[in-house]
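Colleague: I would like to learn how to read charge pairs, helices and strands from a set of coordinates. Could we go through them one at a time?

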Amino acid sequence: VLGFVLQYRIGQLYMISKHSHEQSDRGEGVEVVQNEPYEDPNHGNGQLTEKRVYLNSKLPSWARAVVPKIFYVTEKAWNYYPYTITEYTCSFLPKFSIHIETKYEDNKGSNDSIFDKEAKDLEREVCFIDIASDEIPERYYKESEDPKYFKSQKTGRGQLKEGWRETHQPIMCSYKLVTVKFEVWGLQTRVEQFVHKVVRDILLIGHRQAFAWVDEWYDMTMDEVREFERATQEATNKKIGVFPPAISISNISMPSSTRSAPSSAPSTPLSTDAPDFLTVPKDRPRKKSAPETLTLPDPSK
């Protein structure tokens with residue numbers, strides 16, 4: 001059987017694009033700014049993606065009290081699959097950052113030393129995520145995306161019952177090293193705990209969906225998933241109310257860059273209740289150009 005890590009290269013791209021679109025709505029969501037080939041002297045050929053994540057209403061009340069009503073988080077991702085790097089920054093919080101490194105391996109999570117080189121001097125808390133058994137917030141639950149009940153028609157995979165990790169084949173593990181920094185006295189611990197919980201929920205929901213959507217992406221080629229990515233990203237940008245220049249996604253090799261990506265991981269989108277996939281209302285006014293920031297509705301009105 002072909003290793004699941006090689007198969008999941010397509011699934012990862014498909015899941016991220018579709019999930020980002022589902023979680024976007026007018027004024028908030030995931031705007032794709034850049035998506036192009038990138039060559040790193042250490043990691044080789046990859047894909048660089050830059051996104052703006054508008055999420056004010058998704059913040060807890062204590063966070064909304066200390067941040068502007070109009071803001072976005074910048075997500076930059078370097079995908080050298082099966083190794084990926086993502087960093088999140090916020091323009092008005094220069095001391096805030098999230099770094100995530102991801103490595104994919106064909107095993108059931110048994111490599112305890114996979115990040116020893118990257119995190120040898122850091123304190124680490126190991127958190128295991130089981131896409132079948134772990135509970136997700138009720139508002140995100142869909143029975144059709146529950147690995148305990150989903151059965152793939154094309155691959156025969158599923159349903160993932162108790163003890164599935166010991167018996168299911170093929171199997172792979174997504175290992176992630178998450179580092180959160182927010183050096184603001186009085187808020188650091190609370191912000192870091194909140195971010196780690198949000199990241200965990202996002203990873204759990206996203207990977208559950210990738211498994212449940214396998215029949216949609218299993219037969220795709222890389223060219224087909226890149227075209228799906230381009231069309232979906234264009235529709236997503238329209239959905240949140242911005243019209244940037246046409247997004248160009250290419251697999252043509254770029255000249256080797258002297259820049260090196262920061263040590264961090266993969267682009268994984270946000271989660272909230274989603275409208276129908278790729279439904280873009282046609283009866284609302286559209287902006288003719290992409291502003292630097294969006295004017296969000298005041299939730300108090």
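Colleague: Which residue forms a salt bridge with Lys154, and how far apart are the closest N and O atoms?

Modeller: Side chains of opposite charge can pair when their charged atoms come close. In this predicted model, the partner of Lys154 is Asp219, with the closest N and O atoms 3.0 Å apart. Lys154 sits in the loop between β5 and α3, and Asp219 in the loop between α5 (214-217) and α6 (222-239), so the pair ties together parts 65 residues apart in sequence.

Colleague: Is Lys154 buried or partly exposed?

Modeller: Lys154 counts as partly exposed, because its relative accessibility is 45% and the buried class ends at 20%.

Colleague: Which residue does the side chain of Asp146 meet in a salt bridge?

Modeller: Asp146 meets Arg208, at 3.9 Å from N to O. The cut-off for a salt bridge is 4 Å. This pair also links distant parts of the chain: Asp146 is in the loop between β5 and α3 (164-167), Arg208 is in helix α4 (residues 188-212), and 62 residues separate them. As for accessibility, Asp146 is buried at 1%, and Arg208 is buried at 4%.

Colleague: How many salt bridges does a search of the whole structure find?

Modeller: The search finds 14.

Colleague: How should I read a charge pair inside one helix?

Modeller: An α-helix has 3.6 residues a turn, so residues three or four places apart point the same way. The case here is Arg230 with Glu234: both lie in helix α6, 4 residues apart, or about one turn of the helix. Their closest N and O atoms are 3.3 Å apart, and the two form a salt bridge. Arg230 is partly exposed, at 25% relative accessible area, and Glu234 is partly exposed too, at 29%.

Colleague: Which residues are linked with Arg230 and Glu234 in a network of salt bridges?

Modeller: Glu227 and Lys238 are linked with them in that network.

Colleague: What should I check on helix α1, and where does α1 bend?

Modeller: Start with the span. Helix α1 (residues 4-22) has 19 residues and reaches 25 Å from its first C-alpha to its last, close to the 27 Å expected at 1.5 Å a residue. The bend is at Ile10, by about 30 degrees. Then look at the cover: 17 of the 19 residues of α1 are buried, and the helix is mostly covered.

Colleague: Now the strands. In what sense do β4 and β5 pair?

Modeller: As background, in a regular strand the side chains alternate between the two faces of the sheet. Strand β4 (residues 83-90) and strand β5 (residues 93-105) pair in the antiparallel sense, over 8 bridges. The connection from β4 to β5 is a hairpin through 2 residues. To check the register, take Ile85: its bridge partner in β5 is Glu101.

Colleague: How many bridges join β5 and β6?

Modeller: There are 10, and β5 pairs with strand β6 (residues 173-182) in the antiparallel sense. For the register of this pairing, Thr102 has Lys176 as its bridge partner in β6.

Colleague: Last, the cysteines. How many disulfides does the count come to?

Modeller: The count comes to 0 disulfides, with a cut-off of 2.5 Å between cysteine sulfur atoms. Cys127 is partly exposed, with a relative accessible area of 47%, whereas Cys173 counts as buried at 17%.

Definitions and conventions:
Residues are numbered from 1 along each chain as its sequence is written. This is a predicted model: local features need pLDDT of at least 70, side-chain atom pairs count only at pLDDT 80 or more; totals for chains, interfaces and linings use all residues. Side-chain values use heavy atoms; hydrogens and water are left out. Two strands pair if DSSP finds at least two bridges between them. Buried means under 20% relative accessible area, exposed over 50%, partly exposed in between (1.4 Å probe, protein chains only). The expected span of a helix is 1.5 Å times one less than its number of residues. The bend at a residue is the angle between axes fitted to the seven residues ending there and the seven starting there.
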